[in-house]
Amino acid sequence: MHSVVSLSAAVVATLVIVTLRARRKSREAGFPQGPAPLPVIGNALEIDASRPWLTFTKWQATYGDLVYCNVFGQDVVVVNSEKVAEDLMDKRSRNYSGRMDMSSILDPFSGAIILGAVFDHEIDGDPENDAMLQTVVKGTDYAVRIASPDWIALTTILPFCKYIPTWLPGGALNAPNGKRIMNEMLDIPFDITEKRVDAGEIGHCVVLDAFERFRGTTKVSDFENIMKHACGTAYAAGEETTGSSLIVFTLAMVLHPHVQKRAQEEIESVVGSDRLPDFNDRPSLPYVEAIFRETARWRPIVPLAIPHSATDEDMYDGYVIPKGAVIVPNVWAMSRNEEKYPFPETFNPERFLDANGNLAEEMPNFVFGFGRRICPGRHLAKNSVWIAMAQILAFFSIEKAKDAFGQPVEPNPQWTQGVTSYPKDFPCAFVSRRA
Ligand code: HEM
């Protein structure tokens with residue numbers, strides 16, 4: 001008994017000493033403040049693997065806008081405010097535009113949008129039998145799953161999990177199988193589109209534009225490979241984010257019928273009910289615009305953006321940012337800035353308007369990231385999400401679903417976990433407002 005107690009005491013004492021040393025080391029190195037790391041694993045156990053932005057936002061109260069932590073030996077610097085994010089990632093973009101060495105995971109997120117815009121592809125008939133759609137959906141689904149924080153954490157600790165055969169439980173994310181899925185996502189849409197380009201059957205789209213400008217020239221080396229990656233990632237990045245924004249919007253409308261009603265009244269007074277709103281109406285629909293902005297702020301769909309990395313060591317505000325550190329823009333914390341957005345948990349489009357109902361507060365552009373890595377699809381997203389919202393509001397009322405007794409069902413959705421965060425399926429009803 002005695003020796004067990006002494007052994008435990010020795011282990012505890014050793015852990016305390018190593019922890020204190022690790023903390024002293026990071027203080028001496030001049031890193032920003034942060035929680036004390038444990039040996040080897042650093043702060044990994046303290047971070048909520050499924051919603052890390054909540055942990056980082058909690059740390060902001062204790063350590064401020066720039067927080068240092070360590071995850072399995074990797075330096076991580078979390079940026080919790082828009083100002084610091086702009087100072088580092090916009091003004092010193094050259095140093096903070098690297099990505100972690102995770103390109104096989106993240107590349108699928110660094111692309112453009114929707115099959116129509118990229119490939120001039122129309123989904124004809126049954127989506128289940130649309131080869132292009134099915135290939136990219138499968139690829140995107142795989143990419144989203146392997147980029148989730150809990151899968152990354154698990155495979156960092158137990159790398160063999162990536163190789164569990166597909167026929168065993170847990171084998172759905174088998175890496176060689178995933179590679180095949182991802183290759184198909186790159187090859188199949190491109191091959192289909194190339195044939196249509198050659199047959200002169202294709203309308204204006206990203207691929208046609210690139211073919212006209214670069215095919216057969218020396219301006220781009222390895223044209224086919226670059227095009228495949230650009231187009232494959234295009235769908236992944238565009239579809240997931242645009243769709244997620246509309247799901248958040250749907251939830252907000254179900255939960256806030258008075259907001260929806262005011263938007264519909266605005267549309268009716270400006271557009272009437274004989275046609276749908278279009279882009280020319282946008283400046284005359286400030287309340288719809290405010291809903292669009294508040295949706296982006298209320299539940300940012302990419303709560304930690306996509307981490308950057310520091311190319312070289314840097315100094316900021318007296319702190320050292322180590323070379324190679326992962327820089328995490330905590331978009332979630334920025335959206336919870338109470339000075340700018342009082343009662344941030346409340347969905348309140350009026351916060352973007354003045355007393356006369358005119359737009360007064362800018363679009364929360366931080367939801368699109370920073371610096372050289374800022375989302376290149378943001379202009380497209382700002383238009384495609386807005387037009388979808390405006391036309392849905394004009395055509396439908398989004399209401400609570402009713403149960404078997406005709407009683408409204410309160411939505412209480414679960415949220416997806418991963419690079420993007422949005423509500424999983426929840427009951428609601430789209431009721432047509434037009435005969
Ligand atoms: C509401 C919709 C969208 C949101 C909230 C969003 C957000 C983001 C964010 C936060 C990043 C990371 C930026 C950073 O690292 O600082 C990003 C990257 C990216 N987004 Fe978007 N995005 C949206 C729509 C789109 C669309 C429609 C496209 C394509 C047409 C797109 C293409 C990309 C690409 C290619 C990157 C990677 C850029 C790079 O690594 O250099 N996004 N997006």
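Helices and strands are taken here as DSSP runs, a helix having at least four residues and a strand at least two, and both are numbered from the N terminus. By this reckoning, the protein chain of the predicted model contains 14 helices and eight strands. Of the 435 residues in the protein chain, 32% are buried. Contacts often link distant parts of the sequence: among those between residues at least 6 apart, 72% join residues at least 24 apart.

In soluble globular proteins, nonpolar side chains tend to be buried together. In the present model, the largest nonpolar core comprises 62 residues. Within this core, the residues with the most contacts are V77, V79, V288 and M389. A second core, separate from the largest, has 19 residues, among them F119, M182, M227 and Y235. When neighbours within four places in sequence are set aside, the contacts of V288 are A263, E266, I267, M389, A390 and L393. One of these partners, M389, is itself listed with V288 among the residues with the most contacts inside the largest core.

Two packed helices are described by the angle between their axes and the distance between the axes. Helix α10, which spans residues 223-255, takes part in two such packings, with α12 and with α8. The axes of α10 and α12 (residues 286-298) come within 10 Å and cross at roughly 105°. Angles of 65 to 115 degrees count as roughly perpendicular, and the two helices are therefore placed in that class. On the α10 side the contact is formed by S245, V248, F249 and A252, and on the α12 side by T295, A296 and W298. Five of the residues in this contact are nonpolar and two are polar, while no charged residue takes part.

Helix α8 (residues 175-198) packs against α10 at an angle of about 100°, with the axes 8 Å apart. This pair, too, is therefore roughly perpendicular. Here M185, L186, D187, P189 and F190 of α8 meet M227, K228, H229, C231 and G232 of α10. The contact of α8 with α10 consists of six nonpolar, two polar and two charged residues. M227, one of the α10 residues in this contact, also belongs to the second nonpolar core.

Most residues other than glycine have a negative phi, and most peptide bonds are trans. Two residues of the model, D120 and A305, depart from the usual sign of phi. D120, which is not a glycine, has a positive phi of about 50°. This residue is located in the loop between α5 (115-119) and α6 (131-146). D120 has 18 other C-beta atoms within 10 Å and is therefore classed as partly exposed. For A305, likewise a residue other than glycine, phi is positive and near 45°. The position of A305 is in the loop between α12 and β3 (308-309). Because A305 has 27 C-beta neighbours inside 10 Å, this residue counts as buried, the threshold being 20 or more.

An unreviewed UniProt entry lists C375 under "binding site". In the model, C375 occupies the loop between α13 (331-335) and α14 (378-395). C375 counts as partly exposed because 19 C-beta neighbours lie inside 10 Å. Apart from residues up to four places away in sequence, C375 touches F368 and G369.

Conventions: Residues are numbered from 1 along each chain as its sequence is written. This is a predicted model: local features need pLDDT of at least 70, side-chain atom pairs count only at pLDDT 80 or more; totals for chains, interfaces and linings use all residues. A nonpolar core is a set of buried Ala, Val, Leu, Ile, Met, Phe, Trp, Tyr and Cys residues joined through C-beta atoms within 7 Å. A residue is buried if 20 or more other C-beta atoms lie within 10 Å of its own, exposed if 12 or fewer, and partly exposed in between; C-beta atoms are placed from the backbone. Two residues are in contact if their C-beta atoms, placed from the backbone, lie within 7 Å. Axes are lines fitted to C-alpha atoms, for helices over the stretch in contact, and angles run from 0 to 180 degrees between N-to-C directions. Angles under 35 degrees count as roughly parallel, over 145 as roughly antiparallel, 65 to 115 as roughly perpendicular and the rest as oblique. Ala, Val, Leu, Ile, Met, Phe, Trp, Tyr, Cys and Pro count as nonpolar, Asp, Glu, Lys and Arg as charged, and the others, Gly among them, as polar. UniProt positions are given in the numbering used here, feature names are shortened, and annotations may be inferred rather than shown by experiment.
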